[in-house]
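The following paragraphs lead the reader through one protein structure, from its strands to its internal spaces. Please keep the sequence and the model in view while reading.

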Amino acid sequence: MKTDLTDTTASKINKALVQGRRAIGTPAVGMVLTLVIVTDEENAYDALKAANDAAHEHPSRTLVVIKRVSRSPRDRTQSRLDAEVRLGADAGTGETVVLRLYGEVVDQAQSVVLPLLLPDAPVVVWWPVDAPLDPASDPLGALAQRRVTDTYASEQPVRDLAARAEAYTPGDTDLSWTRITPWRSMLAAALDQVTCEVKAVEVEGEEFNPSCELLAMWLADRLGVPVRRTQSGGPGLTAVRMDTDCGPIVLDRADGSLATLSIQGQPDRAVALKRRDTAELIAEELRRLDPDDTYASALRYGVDRLAQAAEQGAQAKGEPGDPVAVPLPVEKAAKAPAREATAEEPVKQEPPTPEPVRKAAAK
């Protein structure tokens, strides 16, 4: 059942929901949460489809907020709210309300959404694209217990990760973190099978892929070892290599669906690590509404600190007999004794005494 409302109000939308439930014979509200999707017209269809698929596991009232910003100054002053109410077969197992905001109503989206929230039910806000750098300070994000972003859709994922770390509030999460859940489970299970100490880790994946950065930060934060980030042609994450005192542990996924787990002294095993769609990711995030402390710890580790740890680990591997010399950092080179500096460049002191003068002095 679908009902279109033009130039409407939140009160009329609520009445349309009640009338729709009575018309299809389900007067009771059986939803467990309210999912607010903040997106644009271009990405609204894909986001709503993913939410409807996730609603089979988590029946919810889905509110799609589409901010229609007009370029004409005249249209900006004309405030209007259009709504599309879907129930029954058109909305899956829950209820769907598509809200299109025009004019000054765009800046008051929280006032439109607040009367439509389910009473005594948790609220989750999801930004498929154009998420704010500080989701908790956003007017819509302030209404929610959980705030879901997707750094993969950002133009500068690494910069956004750093900004999200500074503005992190309990309840924030990101789908780039959700994408690496199978990887984290598989790597943790592999380390449980051996009694070895991890010395260094290498994470291989696409360039500017936030999931690769988050996995590297999680490993560096949990293991306390240098983690090197390398690039590959993808898709997504392709391999994780851990150097241990018992031999290497490698989890390699070259085709994006099937991975190979190699542990020293054990036969290679094929494990399923397919790339999951958005509906599976959203369904996983809706299973828990408490703060994700592990994500917060990995996020706060920082991309800059990850690069510094990898550089220090590379310098630590240099031995006296190595043909390639590792240069000292600037602050350490300034404190190094003069005897060490002569190996690269003579210390600038007074000019040496000419040879004839030294011979005369000796006689």
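A residue counts as buried when its relative accessible area is under 20%. The model discussed here is a predicted one. With that cut-off in mind, consider strand β4, which spans residues 80-86. Six of its seven residues are buried, so β4 is largely enclosed by the rest of the structure.

Which strands pair with β4? One of them is strand β1, residues 2-5, which is joined to β4 by four bridges in the antiparallel sense. Within this pairing, T3 is found opposite V85 of β4. Another is strand β5, residues 95-102, which runs antiparallel to β4 and is connected to it by seven bridges. Here A83 has L99 of β5 as its bridge partner.

A single residue can show what burial looks like in detail. S60 belongs to strand β3, which covers residues 60-68. Is S60 buried or exposed? Its relative accessibility is 2%, and because this lies under the cut-off of 20%, S60 counts as buried. Leaving aside residues up to four places away in sequence, S60 touches M31, L33, L35, G94 and E95.

The view may now widen to the whole protein. Its secondary structure consists of 14 helices and 14 strands. The protein has 363 residues, and 44% of them are buried. Among contacts with a separation of 6 or more, 70% are made by residues 24 or more positions apart.

A different arrangement of strands appears further along the chain. Strand β9, residues 198-205, and strand β10, residues 227-231, run parallel and are joined by five bridges. In this pair, G205 stands opposite Q231 of β10. How does the chain pass from β9 to β10? The path leads through helix α8, residues 210-223, and the resulting β-α-β crossover is right-handed.

Next come the spaces in the structure, beginning with the pockets. The largest pocket holds about 580 Å³ of space. It is lined by 29 residues, and those closest to its centre are R179, R276, D277, T278 and L281. Three elements each give two or more residues to this lining: α2 (41-54), α7 (181-192) and α9 (278-285). Of the elements, α2 gives the most, with six residues. Sorted by class, the lining of the largest pocket contains 14 nonpolar, five polar and 10 charged residues.

The last topic is the cavities. How many cavities of 30 Å³ or more does the structure hold? There is one. The volume of the largest cavity is about 40 Å³. Its lining is formed by P135, R147, T149, R164, D172, T173 and Y295. The elements that contribute two or more residues to this lining are β7 (146-149) and β8 (172-174). By class, two residues of the lining of the largest cavity are nonpolar, two are polar and three are charged.

To retrace the route, the reader may return to β4, with six of its seven residues buried, and follow its antiparallel pairings with β1 and β5. From there, the right-handed crossover between β9 and β10 can be traced, before the reader locates the largest pocket around R179, R276, D277, T278 and L281 and the largest cavity, which has P135 and Y295 among its lining residues.

Key: Residues are numbered from 1 along each chain as its sequence is written. This is a predicted model: local features need pLDDT of at least 70, side-chain atom pairs count only at pLDDT 80 or more; totals for chains, interfaces and linings use all residues. Side-chain values use heavy atoms; hydrogens and water are left out. Buried means under 20% relative accessible area, exposed over 50%, partly exposed in between (1.4 Å probe, protein chains only). Contact means heavy atoms within 4.5 Å. On a 1 Å grid over the protein atoms alone, a cavity is a set of points where a 1.4 Å probe fits but cannot get out, and a pocket is an open set with protein on both sides within 12 Å along at least five of seven lines; lining residues have an atom within 4 Å of a point. Grid points are joined across faces, edges and corners, and a volume is the space filled by probe spheres set on the points. Ala, Val, Leu, Ile, Met, Phe, Trp, Tyr, Cys and Pro count as nonpolar, Asp, Glu, Lys and Arg as charged, and the others, Gly among them, as polar. Two strands pair if DSSP finds at least two bridges between them. A crossover is right-handed if, with the strands pointing away from the viewer, the path from the first strand over the helix to the second runs clockwise.
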